[in-house]
Amino acid sequence: MTYQETVNWMFTQLPMYQKQGKKAFKKDLTNTLLLANHLKNPQQKFKSIHVAGTNGKGSSSHMLASVLQEAGYKVGLYTSPHLKDFRERIKINGVEVSKQFVIGFIKRNKAFFKSNPLSFFEMTVGMAYDYFARQKVDIAIIEVGLGGRLDSTNIIIPEVSLITNIGYDHTQFLGNTLPLIASEKAGIIKPNIPVVISETQDETQPVFKVIAKQNSSKLFFADQVINETYPTDLLGNYQKKNVKGVLKVLEILQQKNYKISKTNIKNGLLNTVKNTGLKGRWQVLQSNPKIICDTAHNKEGLSITMSQLQQEQFSNLHMVFGLVNDKDLSQVFSLLPKKATFYFCKPNVPRGLDQNILRDQFLDEGFVGESYLSVKEAVDEAKSRASDDDVVYIGGSTFVVAEIF
């Protein structure tokens, strides 16, 4: 099979949460362990950092990878979802896994996949771990897909675990209170392995303390112990919280004899996009009119992003906006600016919320806007209507942002 045929096979044969939602979610590690065993446990052959959290885990993972690259290490990076190409999920020193490796991995293990009902995510984690082991990375940054305790990535014993923050997302799987969600995320805490929490939250702090104590794990709340700050090329205001978690993780690695200098940290944080290829985090796509995209897609993420958007100078604000169908719209309405023109669209995934349903619910709440058949059509219309001193914001869902690249 060609690369595209291989990827198409993966997308069609394996249940994919990115597209299908709940029915693709597996609530235990049986399949992951089965695949790891079949692959001769590649996860045991490289060092790692495990990163969980509701918001900021992707940005934090990329920042860590960038700093470690600057320090001269061969760094694996596993993240999800991808925006355009599947290979974005698996990188070494910013370079995507080769098409040949993806083809070869599926070819070598196709019989196993046909006889074992794995999900797309389980298979992808196995591929990433196999790749990092074969390539002999010095360390890999592994971003959790969903939750933590039962996430397929959670078969590693990392050097340190990082949990960025806790918010209301994927409540149908993780629970509908912050302590319940925190206990699922805290499932990545391993016995005697230090854990860093980027952001102290009153409701979740006791959960982390209890689970860390049960595991005899040293626990650090980064915002309580890190006073220094470094600038980063990731422009969102929310990155200030993420940076503190990253700095504490790096401090722990230094104590474990990783050679990471202040210059490495400074350059790594300033060159995250260049070093890792991260896209879609408060990314300014053009000026006059200024076009900004951001993948924030839940209450906490959108709250910070909308606050930052209101600090922009503009005559008129144009919002290209789409959501997936499992979002609680009642939590979204209060966060979004009423003084804006909305361009409602459906991201091109089966989970995408119909643009007309989205429009009708927003209009009922007093918003102004029209629906469009595609993200592209909505963006094109917003661009054509915007004058040079306006701002166009594109977001609501990772999958909306994915379609503009």
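**Talking through the fold**

Colleague: Ala340 is found in the loop between helix H15 (330-333) and strand S12 (341-344). Is Ala340 buried or exposed?

Modeller: Bear in mind that this is a predicted model: local features need pLDDT of at least 70, side-chain atom pairs count only at pLDDT 80 or more, and totals for chains, interfaces and linings use all residues. Residues are numbered from 1 along each chain as its sequence is written, and side-chain values use heavy atoms, with hydrogens and water left out. Buried means under 20% relative accessible area, exposed over 50%, and partly exposed in between (1.4 Å probe, protein chains only). Ala340 has a relative accessible area of 8%, so Ala340 is buried.

Colleague: And which residues does Ala340 touch, leaving out those up to four places away in sequence?

Modeller: Touching is contact, which means heavy atoms within 4.5 Å. Leaving out residues up to four places away in sequence, the ones Ala340 touches are Leu317, Met319 and Val368.

Colleague: Which element gives the largest share of the largest nonpolar core?

Modeller: A nonpolar core is a set of buried Ala, Val, Leu, Ile, Met, Phe, Trp, Tyr and Cys residues joined through side-chain atoms within 4.5 Å. The largest one here has 38 residues, and Met10, Phe86, Phe113, Met127 and Phe132 touch the most other members. Elements giving two or more residues include helix H1 (3-13), helix H5 (99-115) and helix H6 (120-134); helices (H or I, at least four residues) and strands (E, at least two) are DSSP runs, numbered from the N terminus. The largest share, ten residues, comes from H6.

Colleague: How many residues are in the other core?

Modeller: That core lies apart from the largest one, and Tyr230, Leu247, Tyr258 and Ile265 are among its members. Its number of residues is 31.

Colleague: Why is H4 called oblique to H11, and not something else?

Modeller: Axes are lines fitted to C-alpha atoms, for helices over the stretch in contact, and angles run from 0 to 180 degrees between N-to-C directions. The axes of helix H4 (residues 57-70) and helix H11 (residues 239-255) come within 9 Å and cross at roughly 45°. Angles under 35 degrees count as roughly parallel, over 145 as roughly antiparallel, 65 to 115 as roughly perpendicular and the rest as oblique. That crossing angle therefore makes H4, relative to H11, oblique.

Colleague: What angle do H4 and helix H12 (residues 262-270) make, then?

Modeller: Their axes are 8 Å apart. H4 and H12 are oblique to each other too, because their packing angle is about 130°.

Colleague: How many charged residues are in the contact of H4 with H12?

Modeller: H4 brings Met63, Ser66, Val67 and Glu70, while H12 brings Asn264, Ile265, Asn267, Gly268 and Leu269. Ala, Val, Leu, Ile, Met, Phe, Trp, Tyr, Cys and Pro count as nonpolar, Asp, Glu, Lys and Arg as charged, and the others, Gly among them, as polar. The split is four nonpolar, four polar and, for charged, one.

Colleague: Now the backbone: what is omega for the peptide bond from Ser80 to Pro81?

Modeller: Most peptide bonds are trans. This one is cis, and Pro81 is found in the loop between strand S2 (75-78) and S3. Omega is near -10°.

Colleague: What phi does Lys136 have?

Modeller: Lys136 lies in the loop between H6 and S5, and counts as exposed at 65% relative accessibility. Its phi is positive in a residue other than glycine, near 55°.
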